[in-house]
Amino acid sequence: MTGEAVLRIGELSKRSGVSPELLRAWERRYGLLEPTRSPGGLRLYSPADVERVRLMRQHLERGVAAAEAAGLALQAEAGAPAAASPAALRDDLAAALDRFDEPRAQAILDRLLAFMTVDTVLGEVVLPYLRELGDRWERGEASVAQEHFASGVLRGRLLGLARGWGLGVGPTAVLACLSGEQHDLGLIAFGLVLRSRGWRIVYLGPDAPIETVEEMSRELQPSLVVLHAVAGERVEPVAEQLRAIAGRHRVALGGAAAATGALADDGVLLLSGDVIAEATRVSSLDPR
Amino acid sequence: MTGEAVLRIGELSKRSGVSPELLRAWERRYGLLEPTRSPGGLRLYSPADVERVRLMRQHLERGVAAAEAAGLALQAEAGAPAAASPAALRDDLAAALDRFDEPRAQAILDRLLAFMTVDTVLGEVVLPYLRELGDRWERGEASVAQEHFASGVLRGRLLGLARGWGLGVGPTAVLACLSGEQHDLGLIAFGLVLRSRGWRIVYLGPDAPIETVEEMSRELQPSLVVLHAVAGERVEPVAEQLRAIAGRHRVALGGAAAATGALADDGVLLLSGDVIAEATRVSSLDPR
Amino acid sequence: MTGEAVLRIGELSKRSGVSPELLRAWERRYGLLEPTRSPGGLRLYSPADVERVRLMRQHLERGVAAAEAAGLALQAEAGAPAAASPAALRDDLAAALDRFDEPRAQAILDRLLAFMTVDTVLGEVVLPYLRELGDRWERGEASVAQEHFASGVLRGRLLGLARGWGLGVGPTAVLACLSGEQHDLGLIAFGLVLRSRGWRIVYLGPDAPIETVEEMSRELQPSLVVLHAVAGERVEPVAEQLRAIAGRHRVALGGAAAATGALADDGVLLLSGDVIAEATRVSSLDPR
DNA sequence: ATAGGTTTTGTCAAGCTTTTGTACAT
DNA sequence: ATGTACAAAAGCTTGACAAAACCTAT
């Protein structure tokens, strides 16, 4: 990703005009460079390192002192996430949320949204992060507080993106979490992706009684009803009513519960793939 | 937000022309500066500090006593930051753009978009600002530079919001500025509002030859063709072709040129009201 | 696949300019060559080996040390066609834009930005594509509509990447298209590359009156003023003022107009090479 | 403004290892 | 042709030093 590390210190010195001793000092003192090593222990630098040294020199020339110049040179890279892989960005976001650093998390999200489409941000960063957080939580590596905090920040952000999603001329989808289910981030994400395909969204939120969903569906005659549950056991108690709704509307079931495969035979679409793909699929079905 | 604190006192001294001793004295006596510190205890100043010292000197030169000058310099900054209400934010935005402060403008837009829908931001902030800027320019109160700079920032931002607006299942609208017309911000805004109502947008940009628009319309069979011109004289030369297109598609004409009333009888919709209202109106017309 | 192995070591030595001893050393130490053997045990080399030795020498000349040079020479053969090449992605992008498929184009750009630096995306994909589009347009193979549409999509994307480019402590550059010039994509790209080298950008956009540029330069005292024009005839009318600005600031002229060579003697830097190289050159000049 | 102490940072040195082109003996 | 040897060049680590720039307090 950063290009191959193939330059020894002498060559880097020649290219950058900085003596080898000084380069080593910068590495030791400021962590400006983290060269890989040859089997024998020689430092090997990549083109990205050449660039970083050039930046450092530029700042020095403008009067910024070495320690600060190094900070800037390092930061310049961190601040240009376009150069980093989505995975790296996800890690950044994860780190910020883990230490309850909301402003930083918001800033990362701002940048992400400036660089990529909403679809990609959701599919490559936010949702993978949520999955990972869930895994860590199961393994006891993430605290409840972290999970709450991260959910709060992300929910706020996603709902911000969602503002106005009920407006327009497209087909309508009613979205709701099954009774008892509190995890709605995945559902909101699904709504956003549908929205980006022109749909109108009516969002009933977490823990929606199935009767409410039924009533809304009767009233709005939506083109799609999306139900969502992470826990598989939410489905069983309402299976009967789900079948009934599926008789009158197109119904889809998302979240981990979809993977159990229940209800597939009853005309309920199971959304078990990734959000973007499923939204695209659903979106392109014939209206019913 | 204040920029990074990276300058040591010597560099600040060089840049501001004030001796280090005096800078320390100002800090101690008037609290003019509150530098962060390096791990070793060295003072670190930010670009904002440079500005504050410059202000202080300016006041001193005009004969204001040091204590008062410091007060003024501090106060100048306290006035700017963190307004919360939309109206205040609009003023902030205007102020930031007027003084070519791109980062500040972006931050304000970030906050605006966090609080309001795209529609509202456009209708209440961006478009009124553009109108006001135009007025000030006519009265000679705004420079060409300010107008160019602001357009650049806002265009980037609006096109950023537009990312992905071609996606989906909604009706399609082709958008273009008439030949010779370079002002496309109003058109982009209109496109965004249409988009928020579920439409798909195909955007041809400024200065689009009418033949091109015709060709695209034949090819894509859009539900709507929106043409845009600020200057009224763009309309006359292409009136004939406009009528022809209007015979085959629903055509709307926006921008100040719409107010002239030309073509109204030829089946061309004139969008002379505010963007949101007009987009809503157009959006709810029967398909043709 | 490697062609026939027919060259003895003496002949390979002659053709490659590398002594037989050294060739054997490279074989032993780095496995650079794996010659077949004659019945009598003589090494026999294939044309592919000649090429590999040539590559090795090339890397050595550029300062890469022997062990790493050998690695690169070997890898060039094994890994060349592996990763989705920029060329292929460029073709994808071109195809999507040609058929007015904005969402697809955005998705491709998302992927590009996820795996490459902004510099690389600009230098290897976006700018070559724009050049190619221009060529096709001249040959009548691309329509005006395609050109407009593609410009719009890319402008939005580039300006999105530009968010925050006014922030920081680096030197400042003022960017503007000469009066009458509307093609600003190249200039934005140049600004982005400068940005990635630590500069702060103030962007005045297309069609900027030279007086405006002059005024801004006086006010901001930038380290660099970059002017841009595709059409050569934009330069003549403002040559006098350009010289004047060049007397007070470092001035660079980019775009196809730079290739005409005008003004070179008047202290105006001509940016006629590729964007990345020129930005690097400009960026490393002494402050003035 | 000065005095006396501290931090920062580029440079150098000593002693040892790795790398690599070339040479030599078998 | 092979294998070994060798020596120059380039690197590595540790430690130290001194000039410049800063700090506080008087």
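The largest nonpolar core holds 127 residues. A nonpolar core is a set of buried Ala, Val, Leu, Ile, Met, Phe, Trp, Tyr and Cys residues joined through side-chain atoms within 4.5 Å. Buried means under 20% relative accessible area, exposed over 50%, and partly exposed in between, with a 1.4 Å probe and protein chains only. The residues with the most contacts inside this core are B:Leu227, C:Leu97, C:Leu122 and C:Leu192. Its largest share, nine residues, comes from helix 7 (residues 118-138) of chain C. Helices (H or I, at least four residues) and strands (E, at least two) are DSSP runs numbered from the N terminus. A second, separate core has 77 residues, including B:Phe190, B:Leu192, B:Val275 and B:Val282.

The model is predicted; local features need pLDDT of at least 70, side-chain atom pairs count only at pLDDT 80 or more, and totals for chains, interfaces and linings use all residues. Residues are numbered from 1 along each chain as its sequence is written, chains are lettered from A and ligands numbered from 1 in the order in which they are written, and side-chain values use heavy atoms, with hydrogens and water left out.

C:Leu122 touches C:Leu127, C:Pro128, C:Leu158, C:Ala189, C:Leu192 and C:Val193, not counting residues up to four places away in sequence. Contact here means heavy atoms within 4.5 Å.

Helix 9 of chain B spans residues 185-196. From first C-alpha to last, this 12-residue helix reaches 16 Å, close to the 16 Å expected at 1.5 Å a residue. The expected span is 1.5 Å times one less than the number of residues. Helix 9 of chain B is mostly covered, with 11 of its 12 residues buried. Among the buried residues are B:Leu185, B:Phe190, B:Arg195 and B:Ser196. Just after the helix, B:Gly198 takes a positive phi of about 95 degrees.

A:Leu167 sits in the loop between helix 8 (144-162) and strand 3 (172-177) of chain A. A:Leu167 is partly exposed, at a relative accessible area of 34%. Beyond neighbours within four places in sequence, A:Leu167 is in contact with A:Arg195, A:Arg200, B:Asp119, B:Ser196 and B:Arg197. A separation of 57 Å lies between the C-alpha atoms of A:Leu167 and A:Leu12, which are 155 residues apart along the chain.

DNA strand D is surrounded by 23 residues, the closest being A:Arg8, A:Tyr30, B:Arg8, C:Arg29 and C:Tyr30. Sugar and phosphate make up 71% of the strand D atoms that come within 4 Å of the protein. A residue is near a strand if one of its heavy atoms lies within 4 Å of it. The surface near DNA strand D divides into 14 nonpolar, five polar and four charged residues. Ala, Val, Leu, Ile, Met, Phe, Trp, Tyr, Cys and Pro count as nonpolar, Asp, Glu, Lys and Arg as charged, and the others, Gly among them, as polar. A polar backbone atom of A:Ala66 is 3.1 Å from a phosphate oxygen of DNA strand D. For a side-chain N or O atom of C:Trp26, the distance to a phosphate oxygen of this strand is 3.1 Å.

DNA strand E has 22 residues around it, and A:Arg43, B:Arg24, B:Arg43, C:Arg24 and C:Arg43 come nearest. Of the strand E atoms within 4 Å of the protein, 93% belong to sugar or phosphate and the rest to bases. The surface near DNA strand E comprises six nonpolar, four polar and 12 charged residues. A side-chain N or O atom of C:Arg24 lies 2.4 Å from a phosphate oxygen of DNA strand E.

Definitions and conventions: Polar contact = N/O pair within 3.5 Å; in protein donor to acceptor, adjacent residues only side chain to side chain.
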